[in-house]
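Hi,

Here is the model I said I would pass on. Have a look at it first, and my notes follow underneath.

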There are 2 protein chains.
Amino acid sequence: MKASENNRKSHIREKNYLNILNAAEEVFAQNGFKGSSMNAIAEKAGLPKANIHYYFSNKMALYMEVLQRILVEWNQGLGEFTEQDDPSEVLEHYIASKVLQACQKPHQSKLFASEVISGAPAIADYIRTEMRQWLREKSAIFQIWMDKGLMKPVDPSHLMFMIWSTTQHYADYQTQVLLLLNQQEYETSDYETITRIVTEVILTGVGLTPSWKKQ
Amino acid sequence: MKASENNRKSHIREKNYLNILNAAEEVFAQNGFKGSSMNAIAEKAGLPKANIHYYFSNKMALYMEVLQRILVEWNQGLGEFTEQDDPSEVLEHYIASKVLQACQKPHQSKLFASEVISGAPAIADYIRTEMRQWLREKSAIFQIWMDKGLMKPVDPSHLMFMIWSTTQHYADYQTQVLLLLNQQEYETSDYETITRIVTEVILTGVGLTPSWKKQ
DNA sequence: ACTCATGTTGACCAAACGGTCAACTTAAGT
DNA sequence: ACTTAAGTTGACCGTTTGGTCAACATGAGT
C-alpha cells in the first residue's frame, strides 16, 4: 500500500460510497430529509443499514454530502458567460442546459427543492453567499446588455428566477407534468419541445430573437 | 339540539377543527407528509396530541383534509374564462391572482409541491382526471385564440406550465428568493414587481401586449 | 339539579427510528 | 501461510413515531 496508493486507494470503498450516495439522492429527493429513513436508503442501495454507517457517520453527514455533490455538479455544468457574449446565445444555451438537467436528473432538483421548501436549513449559508454572489455577477451582465439596448429592460434577478422556475419545473413537478401529458417519462423529443417554448417565450419576452428565427 | 342544529352545530368543534387544519397545513408544508409528526402539528395547534385524534382519525385523513381544502380554494379563486374573453386581460388577471396567492399563502403551494415531488401518491387521481380536464379546456381556448391570430402559436399546455412555474416559484422557493434579495418577507410592492415582470415577459413572449403598455 | 352528548387528556402500546458495537469475513502486503 | 487493515452485519439500545383508551371535564337541553 505504497505504490498503489494513488492508483486505486480503495476500489471497493469508492464503489460503495457512490452507490450509497446515489441511493440517498433518490430517497432524499422523494421524501426530504426528515421524511427519509436510513433504512429506506439502505434498502435502495442493497446494503444492510449498519453498512451505511460505516461510510457515513450519520444521516445529516450523508445528506450534506449528497447536497454538496449536487451543488458542485450544478456549478460545473453551466453558468459561465461574460458581457462580451451574445445575449441570445447565452440565454439559449443556459436554458437548454437547465432543461436537459431537469429532465435527465430530476432527483437533484427535487432534493434541492425539498431543502428550500423546508426553509433551507442546510444551505441557507450557501444561498446567502456563493449563490447571491453568482446572481449579482450575472445580473450585472444582464444590466449591461439592457443599458446597451441589446435587450428590453427588466429586473435581472427576477428574469433569472423566471429561467430557473420554468426549467426546474420539469424536474420538481415531473410527476404532475407527465400525468397531465399522459406520458410515462420524458423522451428526447420532449427536451426539444420544452427548450423551444421556454426559450422562445422568454427570449421574445425580453426583446431577443431565438437563433432558429433569425434571418 | 333541534332548532339550533343549523345555527351553530358545534361552535367549539369548528373552531378547533380549523385550528388543527391550519397548523397541519404549515407543518406539512414544511416537511411533507412523511417528515411531519402528529406531535409537531399538535404543538403548533397548541393542543395535546390525543386531541388531534379526536377530530381526525389518523395522520393520512388529516393530510387529505388539508390537501382537499387547498384544492377547493384554488379552484374557487381563479381560472374561469372563455374564448370570448380578451387574451391579454385573461392572462394578466390569471397571473396576478397566482402571484398574489403564492406570496400571501406560500404554505399551500409548498404543500402541493411537496406532494407532487414525492410522486403525488395522494392526488395522482385528481391530477389525472379533474386537473387534466381543466387543462384541456383552457388549452382549447388558448388554441382558438392562436388560430384566430390573437396570439403567437405556442404549445398551450406548456404555456400553462410556464405560468404555473413562474408564479408558484415565489411560494415554493420563497426562502431562496428572500435570501437572494436580502429581504425578510414579501412586501406589497413585491407583488406588483413580480406580477409586472412575469406578465410582461410571458405576454410579450406570446405576442400580446400588457394593458399598461397599450396605446 | 340532573343527564347525556361532546370534548379533553395523561398514560400507554407496538412499531419504526437513528445510531452503536462486537464478532465476523474478506482483501491485500509480505 | 501469516498478519493486518478494510469491510460487513446481526443484534441491540434509547428515543420518537402514529395511534388507542379509559378516566375526566365541560357543554347544552330539560
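Let me start with helix 6 of chain A, residues 106–117. At 1.5 Å a residue, its twelve residues should span 16 Å, and the end C-alpha atoms are indeed 16 Å apart, so expectation and model agree. Bear in mind throughout that this is a predicted model.

That helix is also largely enclosed by the rest of the structure, because eleven of its twelve residues are buried. Polar and charged names turn up in the buried set too: among them are Gln108(A), Ser109(A), Lys110(A) and Glu115(A), alongside Leu111(A), Phe112(A), Val116(A) and Ile117(A). Just after helix 6 of chain A comes Gly119(A), with a positive phi of about 100 degrees.

Now the two chains together. Chain B superposes on chain A through a rotation of 180 degrees, with 0.0 Å of shift along the axis and an RMSD of 0.0 Å. The copies are therefore related as by a two-fold rotation axis. Both use the same surface, in that 100% of the contact residues of chain B recur in chain A.

One residue to click on is Gln168(B), in helix 8 (residues 156–172) of chain B. Its relative accessible area is 8%, so Gln168(B) is buried, the cut-off being under 20%. Leaving out residues up to four places away in sequence, Gln168(B) touches Lys98(B), Ala102(B) and Ser109(B), and also Tyr173(A) from the other chain.

Next, the core. In soluble globular proteins, nonpolar side chains tend to be buried together. Here the largest nonpolar core has 142 residues, and the members that touch the most others are Leu62, Ile123 and Trp164, in chain A and in chain B. With sequence neighbours up to four places away set aside, the contacts of Leu62(A) include Ile20(A), Leu21(A), Ala24(A), Phe28(A) and Met38(A).

Over in chain B, Ala24(B) belongs to helix 1 (residues 11–35) and is buried, at 0% relative accessible area. With the same neighbours left out, Ala24(B) touches Ala29(B), Ile41(B), Leu62(B) and Val66(B). Ala40(B) lies 16 residues from Ala24(B) in sequence, and their C-alpha atoms are 8.6 Å apart.

Last, the cysteines. How many disulfides does a search of the whole structure find? Zero, over all chains. Cys103(A) counts as buried at 7% relative accessibility, and Cys103(B) is likewise buried at 7%.

Cheers

Conventions. Residues are numbered from 1 along each chain as its sequence is written. Chains are lettered from A and ligands numbered from 1 in the order in which they are written. This is a predicted model: local features need pLDDT of at least 70, side-chain atom pairs count only at pLDDT 80 or more; totals for chains, interfaces and linings use all residues. Side-chain values use heavy atoms; hydrogens and water are left out. A nonpolar core is a set of buried Ala, Val, Leu, Ile, Met, Phe, Trp, Tyr and Cys residues joined through side-chain atoms within 4.5 Å. Buried means under 20% relative accessible area, exposed over 50%, partly exposed in between (1.4 Å probe, protein chains only). Contact means heavy atoms within 4.5 Å. Copies are superposed by least squares on the C-alpha atoms of residues with pLDDT of at least 70 in both. Helices (H or I, at least four residues) and strands (E, at least two) are DSSP runs, numbered from the N terminus. The expected span of a helix is 1.5 Å times one less than its number of residues. A disulfide is a pair of cysteine sulfur atoms within 2.5 Å.
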